[in-house]
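Biologist: I'm new to this structure and would like a close look at a single part of it. Could you walk me through how two of the helices meet, and then show me what lies around them?

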Amino acid sequence: MNGYTPFLPRRVVYGAIGVVLALVALGTFVDYPLSFALYDASSPFATFFAAYGAIPAPLGCVAAGTLFVCGRNRDNKIWGIVQSIGGILLLLSGTVLVCLIPALYMAVSPALLAGIGLILSASTILVIRRLAKGADRSAMIRVALAISLALLCQLLVVNGIKLAWERPRMRLVTSHPEVFFVPWWQLGNALKAPLMAAGVAADEFKSFPSGHTANATTMLLLGVLPYLQPKLQKYKTALVAFGFAWAAIVALSRIMIGAHYLTDTAVGFLVSFLSIYLICSFLLCPRNKKL
């Protein structure tokens with residue numbers, strides 16, 4: 001792992017955090033009017049990113065699983081088998097999610113969407129195997145661990161906050177006159193129980209923070225690829241920039257479709273960004289190369 005720069009420069013980290021905090025401050029005042037102005041439940045753009053915006057997370061599972069299998073311990077058979085089983089489980093679960101998630105949002109043949117999912121998963125496996133060819137096995141396991149732990153961390157934190165906050169989504173506010181807008185800092189919702197008893201899905205009270213945006217932000221994990229192949233180091237800035245752009249586009253789409261507010265998407269991004277940065281810095285930072 002010699003010769004590598006930190007996962008992200010500090011100026012990028014501080015800049016990203018600063019922008020997010022500014023967006024939370026702005027959203028404190030414009031959450032509702034902004035969502036009201038952008039709301040378009042029938043938008044093809046928003047629908048597409050509802051289906052595929054979060055796809056980096058399950059594809060991350062596929063990538064991590066592939067690396068665990070490719071980088072398995074060849075000297076200790078028992079440990080190698082454990083790594084292989086864990087890798088296969090990650091790979092299969094990620095592939096299933098890639099095939100099934102889009103069908104929840106798009107009125108398209110499930111078979112077609114499953115086929116697209118299989119192509120995406122197979123492509124990820126082929127690319128990762130290509131990058132793993134000749135790579136240091138320790139580096140492969142470190143990268144696989146970094147991806148897996150970052151995905152798990154953001155998933156647990158985002159969903160833990162959702163359960164505590166119970167913020168109603170914009171689309172619920174617009175479709176039910178008795179439901180009112182709730183600011184991001186207010187925890188709990190007295191309307192949840194009676195509305196759920198009337199048939200409203202519990203998911204409609206999980207606006208804060210945005211899980212889709214958090215999953216989309218895991219596209220930043222493209223920045224770990226140079227740890228497998230040093231020749232990709234010159235593309236790292238472009239890879240990370242693409243990750244930021246993907247997260248921003250998905251965040252916008254979530255506001256447009258009425259699933260989230262600006263503060264929801266900002267905090268969803270922040271949770272995922274910090275999970276990725278802290279975990280990747282610990283596991284892949286040069287100072288830890290002897291661990």
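Which hand does the crossing of helix 3 and helix 6 have, left-handed or right-handed?

Modeller: Before anything else, keep in mind that this is a predicted model. The crossing you ask about, helix 3 with helix 6, is left-handed. Let's build that picture up piece by piece. Two packed helices are described by the angle between their axes and the distance between the axes. For this pair, helix 3 covers residues 56-70 and helix 6 covers residues 137-165. Their axes come within 8 Å and cross at roughly 150°. Angles over 145 degrees count as roughly antiparallel, so helix 3 is roughly antiparallel to helix 6.

Now for the residues that touch. From helix 3, the contact takes in A57, G60, C61, A64, L67, F68 and C70. Facing them from helix 6 are R137, M140, I141, V143, A144, L145, I147, S148 and L151. Sorted by class, the contact of helix 3 with helix 6 holds 13 nonpolar residues, two polar ones and one charged one.

One of the helix 3 residues in that contact, C61, is worth a pause. With 17% relative accessibility, C61 counts as buried, because the cut-off for that is under 20%. You might wonder about a disulfide there, but a search of the whole structure finds zero disulfides. For C61 the reason is distance: the closest cysteine sulfur, in C99, is 13 Å from its own sulfur, which is too far for a bond. C153 is in no disulfide either, and the nearest cysteine sulfur to it, that of C280, is 11 Å away. C153 counts as partly exposed, because its relative accessibility is 29%.

For a second pair to set beside this one, look at helix 1 (residues 10-38) and helix 10 (residues 236-256). Here the axes come within 12 Å and cross at roughly 15°. That makes helix 1 roughly parallel to helix 10, and helix 1 passes helix 10 in a right-handed crossing. On the helix 1 side the contact is made by V12, A16, S35 and L38, and on the helix 10 side by F244, L252, I255 and M256. By class, this contact of helix 1 with helix 10 has seven nonpolar residues, one polar residue and no charged ones.

Staying in helix 10, you can pick out L239. Leaving aside neighbours within four places in sequence, L239 is in contact with L222 and P226. L239 also sits 8.7 Å from M219, C-alpha to C-alpha, with their positions 20 residues apart in sequence.

Last stop: the loop between helix 7 (170-175) and helix 8 (192-197), where you'll find Q186. At 34% relative accessibility, Q186 counts as partly exposed. Its C-alpha atom is separated by 9.9 Å from that of A164, a residue 22 residues away along the chain. N189 lies in the loop between helix 7 and helix 8 as well. N189 has 12% relative accessibility, so N189 counts as buried. Not counting residues up to four places away in sequence, N189 touches E166, P168, V182 and F205.

Key: Residues are numbered from 1 along each chain as its sequence is written. This is a predicted model: local features need pLDDT of at least 70, side-chain atom pairs count only at pLDDT 80 or more; totals for chains, interfaces and linings use all residues. Side-chain values use heavy atoms; hydrogens and water are left out. A disulfide is a pair of cysteine sulfur atoms within 2.5 Å. Buried means under 20% relative accessible area, exposed over 50%, partly exposed in between (1.4 Å probe, protein chains only). Helices (H or I, at least four residues) and strands (E, at least two) are DSSP runs, numbered from the N terminus. Axes are lines fitted to C-alpha atoms, for helices over the stretch in contact, and angles run from 0 to 180 degrees between N-to-C directions. Angles under 35 degrees count as roughly parallel, over 145 as roughly antiparallel, 65 to 115 as roughly perpendicular and the rest as oblique. A crossing is left-handed if the near helix is turned anticlockwise from the far one by less than a right angle, and right-handed if clockwise. Contact means heavy atoms within 4.5 Å. Ala, Val, Leu, Ile, Met, Phe, Trp, Tyr, Cys and Pro count as nonpolar, Asp, Glu, Lys and Arg as charged, and the others, Gly among them, as polar.
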